[in-house]
Amino acid sequence: MLKRLNHVAIAVPDLEAAAATYRDVLGATVSPPQALPEHGVTVVFVELGNTKVELIEPLGENSPIAGFLEKSPAGGMHHICYEVDDIIVARDRLVAGGARVLGDGEPKTGAHGKPVLFLHPKDFCGTLVELEEV
Ligand code: CO
């Protein structure tokens, strides 16, 4: 069911500083910031040869990463995203197996304009998992 690793997301308290670290210290190619109000984050993409790292900063009042940054003020790894062929088939199989899908269970449009879902970290080794249909 799982295909490629699409990205690893790192929650950060200061996106500009984090982007500068990746660009200037690590020498990576970093995209301009993109606001995603429906996800409550602003994101930049660090482009790597085989995958991406997304640096995400809270946006708005009810950002889903605000609580994470309260517990980890310096930032930290927030989720990993795997590609799937068909997100509805994947969701239905996971739900049938007892996994919990976050939110209303329906895919939203993610940062790359593709359907995404998030799975409860307690069901996946303590790691928040995002699925993206590619
Ligand atoms: Co993501």
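1. Start with the spacing of the residues that hold the cobalt ion: along the sequence, the donors follow the pattern H-x71-H-x50-E. The protein donors are His7 (NE2), His79 (NE2) and Glu130 (OE), and they lie 2.0 to 2.1 Å from the ion. Donors here are N, O and S atoms within 2.8 Å of the metal (3.2 Å for Na, K and Ca); water is not among the atoms, so sites may look incomplete.

2. A word on the source before you go on. This is a predicted model, in which local features need pLDDT of at least 70 and side-chain atom pairs count only at pLDDT 80 or more, while totals for chains, interfaces and linings use all residues. Residues are numbered from 1 along each chain as its sequence is written, and side-chain values use heavy atoms, with hydrogens and water left out.

3. Now place two of the donors on the fold. His79 sits in strand E6 (residues 76–84) and Glu130 in strand E9 (residues 128–133), so the pair ties together parts that are 51 residues apart in sequence. Strands (E, at least two residues) and helices (H or I, at least four) are DSSP runs, numbered from the N terminus.

4. Are these two donors buried or exposed? His79 is buried, with a relative accessible area of 5%, and Glu130 also counts as buried, at 5% relative accessibility. Buried means under 20% relative accessible area, exposed over 50%, and partly exposed in between (1.4 Å probe, protein chains only).

5. Follow the strands that carry these donors, and you will find E6 and E9 pairing in the parallel sense over six bridges. Two strands pair if DSSP finds at least two bridges between them. For one example, Ile80 has Val129 in E9 as its bridge partner. Five of the six residues of E9 are buried, so this strand is largely enclosed by the rest of the structure.

6. E9 has another neighbour to look at: E8 runs antiparallel to E9, joined by four bridges. Here Val116 stands opposite Glu132, and Leu117 stands opposite Leu131.

7. One step further along, strand E7 (residues 108–109) and strand E8 (residues 115–119) run antiparallel and are joined by two bridges. Thr109 has Pro115 as its bridge partner in E8. The two strands form a hairpin with five residues between them, and Gly113 in the turn has a positive phi of about 75 degrees.

8. Finally, the annotation: UniProt, in an unreviewed entry, places the feature "domain: VOC" at residues 4–134. UniProt positions are given in the numbering used here, feature names are shortened, and annotations may be inferred rather than shown by experiment. In the model, this span is 21% helix and 37% strand, and its end C-alpha atoms lie 10 Å apart.
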